[in-house]
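Q: Please take a close look at one part of this model. I would like the sheet and its packing, with a single buried site elsewhere for reference.

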Amino acid sequence: MSETAITLWSDANYFSPYVMSVYVALQEKGLPFTLKTIDLDRGEHQQAGWQGYHLTRRVPVLEIDGFELSESSAITEYLEECFAPPEYERIYPHDRQKRARARQIQAWIRSDLMPIREERPTDIIFGAAKGAPLSEKARKSAEKLFAQASHLLAHGHQNLFGEWSIADADLALMLNRLVMNGDPVPEQLAEYAAFQWQRSSIQRYVALSAKREG
C-alpha cells in the first residue's frame, strides 16, 4: 500500500487532541499524507459538501483511496492493520493483552475525565492559554487521572508498556492539560508527560499550531 493516497482532515487551529493522535500515528508509520483543515469556528464541518459531513461531522477524518473514516482510535487501529509491522513501525504493543490495555486507555481518555477536558481545553497546550483554578469537580477528576496513571506507570518505565505506543501520546496530552497550565501534578507523571512530549512526531504536530499562531 506504499502508493496509497492518504488525506488527514484537521481543525484549522490544530487544537484537536484527536487529530494529534492520528497525525502522530501517521508520522510514526512513516506514511506520506496530505493535511487539510476545516474551520470549526465558522461551522464548515456542518456543510454537506465536506467529506466528514456524513460521518460524525467532526475531525479527524482520514481518507484512504476513497475510504473515509472518523473517530481517532478507530483510525489508528485501522492504520495499524493496513500498514502492519514489521514493514511499518508499530503503534500498538506487540503483546495482545498490552494491546488491549492500550485501547482501553484510549477509550477511557476519550469517554471520561470530562471536567478536565472542559476546564483545561487544549488551547492551554497549543495556544498558551491559562485556565481559572479547577473546580471541585475537576479536582476530583484530576485525582482520578493521577491515581490511574500512577498505577499504569508503577513499573517505573518511560513508556506505558516498555515500548512506545499511541496510548502514550494520548495519556501525555491529557496530563499536559494540567501540567502546562501550572496545576500541581505528581512529579513522576509530569516527568512522563514531558518525556513523551519530546517525541519528534508530537513535536511536529506542536509546530503546526505554533506556525499558525506565528
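A: Two residues are in contact when heavy atoms lie within 4.5 Å. The model is predicted. Start with the reference site. Leaving aside neighbours within four places in sequence, S165 is in contact with I91, Y92, P93 and A102. S165 sits in the loop between α6 (136–152) and α7 (166–179). Its relative accessible area is 0%, so S165 is buried.

Now the sheet. Four strands make up an open sheet, ordered β2-β1-β3-β4, with mixed pairing. β2 (34–38) and β4 (67–70) are the edge strands, and each pairs on one side only. On average, neighbouring strands of this sheet are turned by 20° against each other, direction ignored. β1 and β3 (residues 61–64) run antiparallel, joined by 4 bridges.

I6 gives a way in. I6 belongs to strand β1 (residues 6–11). Across from I6, in β3, stands I64. The relative accessible area of I6 is 5%; the cut-off for buried is under 20%, so I6 is buried.

What touches I6, once neighbours within four places in sequence are left aside? The partners are L26, L31, P32, F33, T34, L62, E63, I64 and F83. Some of these can be placed. T34 falls within β2 (34–38). L62, E63 and I64 fall within β3 (residues 61–64). L26 falls within α1 (residues 17–29). One more pair gives a sense of span: I6 and K137 are 131 residues apart in sequence and 41 Å apart in space, C-alpha to C-alpha.

Next, the helices. α1 lies across β1, β2 and β3 and runs at about 150° to β1. α2 also packs on the sheet, where it touches β3 and β4. The direction of α2 makes about 130° with that of β4.

How do the two helices meet? Such a pair is described by the angle between the axes and the distance between them. For α1 (residues 17–29) and α2 (residues 72–82), the angle is about 10° and the axes are 9 Å apart. Angles under 35 degrees count as roughly parallel, so α1 and α2 are roughly parallel to each other. α1 brings Y18, S21, V22, A25, L26 and K29 to the contact. α2 brings S72, I75, T76, L79 and E80. By class, that contact has 6 nonpolar, 3 polar and 2 charged residues.

L26 ties the picture together. L26 of α1 takes part in the contact with α2, and L26 also touches I6.

Key. Residues are numbered from 1 along each chain as its sequence is written. This is a predicted model: local features need pLDDT of at least 70, side-chain atom pairs count only at pLDDT 80 or more; totals for chains, interfaces and linings use all residues. Side-chain values use heavy atoms; hydrogens and water are left out. Axes are lines fitted to C-alpha atoms, for helices over the stretch in contact, and angles run from 0 to 180 degrees between N-to-C directions. Helices (H or I, at least four residues) and strands (E, at least two) are DSSP runs, numbered from the N terminus. Angles under 35 degrees count as roughly parallel, over 145 as roughly antiparallel, 65 to 115 as roughly perpendicular and the rest as oblique. Ala, Val, Leu, Ile, Met, Phe, Trp, Tyr, Cys and Pro count as nonpolar, Asp, Glu, Lys and Arg as charged, and the others, Gly among them, as polar. Buried means under 20% relative accessible area, exposed over 50%, partly exposed in between (1.4 Å probe, protein chains only). Two strands pair if DSSP finds at least two bridges between them.
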